Amino acid sequence: MTDKEKILKLLEEGSITVEEASNLLDKLEMVDDNERAASNDKKSKSKGKNVNIIIEDSTGHDRVNIYMPLSVLRFALKFNNGHINVDGKQVNVSEIKDIIDSAEIGTIADIETSSGIVKISII
């Protein structure tokens, strides 16, 4: 049952007045509008941006060089809510999600490991 349906049910049962129901529905609509605006803001900040993931070996040569739209990475991170293990070092996925959502251009992770370096950049 949606919040709107719950409010209407309370009105039908006589638990709230028409005025109270109207106020609650207005507030619910404002919350929905604010959530949509926040969601659209996140999408517009990252629109057209890409992510570059480079994994270099200890000699500085690229072992992996991935270039993809930021939206693809955001989608992939939805399926991992914990940590990513990179050569024994833990990378917090939620921190990466927050940085991606801010969509600031630049390096978001630069991880040195015993076997090389992992660099993640928004470009």
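Here are some short exercises on the structure above, each with a worked solution.

**Before you start.** This is a predicted model, in which local features need pLDDT of at least 70, side-chain atom pairs count only at pLDDT 80 or more, and totals for chains, interfaces and linings use all residues. Residues are numbered from 1 along each chain as its sequence is written, and side-chain values use heavy atoms, leaving out hydrogens and water.

**Exercise 1. Find how many helices and strands the chain has, and in what order they come.**

Step 1: Helices (H or I, at least four residues) and strands (E, at least two) are DSSP runs, numbered from the N terminus.
Step 2: Counting these runs gives four helices and six strands.
Step 3: Starting at the N terminus, the order reads α-α-β-β-α-β-β-α-β-β.

**Exercise 2. Work out which strands pair with strand S1, and in which sense.**

Step 1: Two strands pair if DSSP finds at least two bridges between them.
Step 2: S1 covers residues 50-57, and its pairing with S2 (residues 62-69) is antiparallel, over seven bridges. In this pair, Ile-54 stands opposite Asn-65.
Step 3: S1 also pairs with S6 (residues 116-122), again in the antiparallel sense and over seven bridges. Here Asp-57 stands opposite Gly-116.
Step 4: Now look at the link between S1 and S2: the two strands form a hairpin with four residues between them. In that turn, Gly-60 has a positive phi of about 95 degrees.

**Exercise 3. Decide whether Leu-73, Ile-111 and Leu-10 are buried or partly exposed.**

Step 1: Recall the cut-offs: buried means under 20% relative accessible area, exposed over 50%, and partly exposed in between (1.4 Å probe, protein chains only).
Step 2: Leu-73, in helix H3 (residues 70-77), has a relative accessible area of 11%, so Leu-73 is buried. Its C-alpha lies 7.6 Å from that of Val-51, although the two residues are 22 apart in sequence.
Step 3: Ile-111 belongs to strand S5 (residues 106-113) and counts as buried because its relative accessibility is 15%. The C-alpha atoms of Ile-111 and Val-91 are separated by 8.8 Å, with their positions 20 residues apart along the chain.
Step 4: Leu-10 sits in helix H1; its relative accessibility is 34%, so Leu-10 is partly exposed. Between Leu-10 and Ala-21 the C-alpha distance is 8.1 Å, at 11 residues apart in sequence.
Step 5: For the wider picture, six of the eight residues of S1 are buried, while buried residues make up 24% of the 123 residues in the chain.

**Exercise 4. Locate the salt bridge in the structure.**

Step 1: A salt bridge is a side-chain nitrogen of Lys or Arg within 4 Å of a carboxyl oxygen of Asp or Glu.
Step 2: Searching the whole structure turns up one.
Step 3: The partners are Lys-9 and Glu-13, whose closest N and O atoms are 3.5 Å apart.
Step 4: Both partners lie in helix H1 (residues 3-13), four residues apart, about one turn of the helix.
Step 5: Lys-9 has a relative accessible area of 39%, so Lys-9 is partly exposed.
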